[in-house]
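Take a walk through this model, from its empty space to its helices.

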2 protein chains.
Amino acid sequence: MDQFGKTAGVVARVRAMVQDGTLVAGDAVPSTRVLAAELGVARGTVVAAYEQLDGEGWIRTRQGAVARVAAGVGAGHWPTEHTARDATGHADGSASTGADLLDARPGIPAVTAIAARDWRAAWRAAADAPLRNALSDPAGLPELRAQIAAQLGLARGFAPEIGRVVVTAGTAEALSLVTEGLRNRLGRAPVVAVEDPGYRSGRRAMTSAGATLVGVPVDGDGIDVDVLGRIGPVDAVIVTPTHQYPLGSVMPVARRLSLLDWATRTGAVVVEDDYDSEFRHRGSPVPALAALDATGVVVHVGGFSKTLDPRLRCSYVVLPPGPVHEAVAASRLARGPVVAEPVQIALAHLLRTGALRRHLGRVRRDYTHRRERVATRVAAVAGLEARALDGGLHAVLTWSGRAAGRDVVARMARSGVLVSALEEYEVSPGSAPAGIVLGYGALTLPQLDRALDVLLEVLRVRGD
Amino acid sequence: MDQFGKTAGVVARVRAMVQDGTLVAGDAVPSTRVLAAELGVARGTVVAAYEQLDGEGWIRTRQGAVARVAAGVGAGHWPTEHTARDATGHADGSASTGADLLDARPGIPAVTAIAARDWRAAWRAAADAPLRNALSDPAGLPELRAQIAAQLGLARGFAPEIGRVVVTAGTAEALSLVTEGLRNRLGRAPVVAVEDPGYRSGRRAMTSAGATLVGVPVDGDGIDVDVLGRIGPVDAVIVTPTHQYPLGSVMPVARRLSLLDWATRTGAVVVEDDYDSEFRHRGSPVPALAALDATGVVVHVGGFSKTLDPRLRCSYVVLPPGPVHEAVAASRLARGPVVAEPVQIALAHLLRTGALRRHLGRVRRDYTHRRERVATRVAAVAGLEARALDGGLHAVLTWSGRAAGRDVVARMARSGVLVSALEEYEVSPGSAPAGIVLGYGALTLPQLDRALDVLLEVLRVRGD
């Protein structure tokens, strides 16, 4: 492993210690001498890593003073889910250098699989677009919105007018924006029901934008609509009907209809987070909930983070006509346009030329292989179960013993494999079984094998 | 003029009628036959324009029914300040076709002036950057933040650690984000003092994010700090000390110090909107207020909308160390990263290679010529006065007669020249003199002459 790889490993190791709370703001980090000895790397490697960490704002180094964790970067500030990270760790077995961390947390697709020719052509189109002395439409470029609407018609069962499509800077920004619109419409904090367990980043975005959240349990068919009807007045509910995040259930049509009926009766808004609908490994594709929406209660949220690259920061909301549309459009105007026009032009190019469709065809096959590998290996181990494998880019692994998910995650991290505990998705403690969430979107098959090997090793250590 | 230009003109004309409230949601738009006759264009031109307006969501056309303005797009929903518009109107004298609208509203820089070679090289760098299977840092790419910090050190008199620099999707998003952070820190709506007259889009962003605004008058030295001290508890104040928007005053050092002293004593945050500091046409550059900040009370907001292109949607906040940093960083994490990495890479490239500096050198000369043209022509007219000309991309024109700014704006629009009324910047009615704001960033000298000719014509019509 080259010097750069070792430095990156030390950086990742220290970041992980801050992210999981092992080190908190103000704590001294180990001296370069001590850490170099501990990791068996050159002291200069640690010095370089600390310089990078200082530059990124994780720690503060001062000539002649002890380096400390910077203010404002502790656990809870920059949680793992959204932090810069590197998933290029090597399964070379030298787990103790810190340079071979394998990041198998969910959320990262196989971005490197896009054809370089298509990618460059899209950015060339963006660079060559004539410059206009003009401001952006806050709702997005009509050309991109038309491509999105057409794609929804082909793949998701409904083709909205483009006036209903509003471009956002990622899914979290979309949920933040919708929350702001609802809050301003109501003149108070909206009460938003969320799936329990469910999508943490979405909860954080909505809470920060002023929502009061209420957890609603999830069963094998998705969110429990009976419970939803009993918890008192709710202004909105956010659901993942295509592939519940993280447990993987598909909401059947009967429950979809009763959810829409509940919303129509109570005046609530149903926010559909269609986060990874493009990836179905079994069965036929499920149309969007929005395709069933006869009364205009569904706000549909989709994007390109899972299908293309989460670093493009481009998602969209499809708003039902009426007051919700007006409220969210007013918030969009207030925050201003947020997606650079060159990005919108590049995306529209990838959609129009079919490059995205070709890319999806390729990665879908890869994901299916990975899914099958997980299923096969897990089926061979008594007491271990794999869920959520029908679609998406992650697997939920649960076990019959008493090992707590967090303990398993911590032990796996010590062996150099980062995954997420199912408990982290809970709103109320105990809503999820003990288990881990393993993202395989960016993993090679050998990396996937290594992650599973480490899991089995850890579970055996616990005597399961 | 070709068919496309005529269609664009009709589109712009109808949009303007919706934006200024002449047509409101639900109103029938004129039939294609009537409008074609009125504008002296082919009926097909109007049909094409209506199709585009329908596609963009401004109007709803239905086979066999009257076309109407769509819900949610009336005045107040998509005000002129942030709406897609076209400033390429021709000064050909044929004012009645609607195809030669001259958009001289403030806010649009000379984006087409950037060297095509530099622009393309930046996007090539973005496209060629190695794809990593990784998520973005919500605070922005370290490389871009380091370039921003270095530029601030060179041009604005302070060089923050890059951990204090957080990238945002434009200035409105920055102000929205800071407001959200303050609201969550306080657990209630923050009271934010704003300049009166002042920046409307900023007020809208902060109100939508949950702030309660209080207007504070502006005099020849900027915001009145004595009044600020008397209006009761204030959590934050937003100021434009380098070039008050729109009136143009520069805040002298004595007032800067008393503003900082007030903030330090009361615990308030001072948000410095450094919107067009790069353009000083007279005198030496004024350092940022943040450069004087010894106690960590200033949040500095800057960006590339005025220096480069407002469609890049990339700005930044520089946060003081401490609880405000933590609160705003938590909001940034909650909303997620919002600027696409390719955009950040392209911007960092433009900064690192000096392309942005070369571009600024060119446009600064252009802006100085335009500023001089305004000053010379206005000086020749008794009773007309030009202000705010020492910097920036706009002029404020006031007159001694009784003509109301809004009336003058409406009359100029009827002659095909769009400008903004000074009243539109007011928080309390009467805080600004009667006048107009004319943006010259994207105007050629002949276009500028035409705008001034129309103003003089209109003022004479009113008997001034």
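The text below covers cavities, then one helix, then one serine.

This is a predicted model, in which local features need pLDDT of at least 70, side-chain atom pairs count only at pLDDT 80 or more, and totals for chains, interfaces and linings use all residues. Residues are numbered from 1 along each chain as its sequence is written, chains are lettered from A in the order in which they are written, and side-chain values use heavy atoms, without hydrogens and water.

How many cavities of 30 Å³ or more does a search of the whole structure find? There are 13. A cavity is a set of points on a 1 Å grid over the protein atoms alone where a 1.4 Å probe fits but cannot get out. The largest has a volume of about 490 Å³, volume being the space filled by probe spheres set on the points. Its lining (residues with an atom within 4 Å of a point) holds 32 residues, and Thr171(A), Tyr199(A), Tyr275(A), Ser305(A) and Lys306(A) are the closest to its centre.

Helix 5 (142–155) of chain A is among the elements that give two or more residues to this lining. Helices here are DSSP runs of H or I, at least four residues. The buried residues (under 20% relative accessible area, 1.4 Å probe, protein chains only) of helix 5 include Leu144(A), Arg145(A) and Ile148(A). After helix 5 comes Gly157(A), with a positive phi near 85°.

Ser331(A) sits in helix 10 (residues 323–335) of chain A. Ser331(A) is buried, at a relative accessible area of 0%. Its side chain reaches the backbone nitrogen of Gly181(A) at 3.2 Å.

Notes
On a 1 Å grid over the protein atoms alone, a cavity is a set of points where a 1.4 Å probe fits but cannot get out, and a pocket is an open set with protein on both sides within 12 Å along at least five of seven lines; lining residues have an atom within 4 Å of a point. Buried means under 20% relative accessible area, exposed over 50%, partly exposed in between (1.4 Å probe, protein chains only). A polar contact is a pair of N or O atoms within 3.5 Å; within protein, one must be able to donate a hydrogen and the other to accept it, and residues adjacent in sequence count only if both atoms are side-chain atoms.
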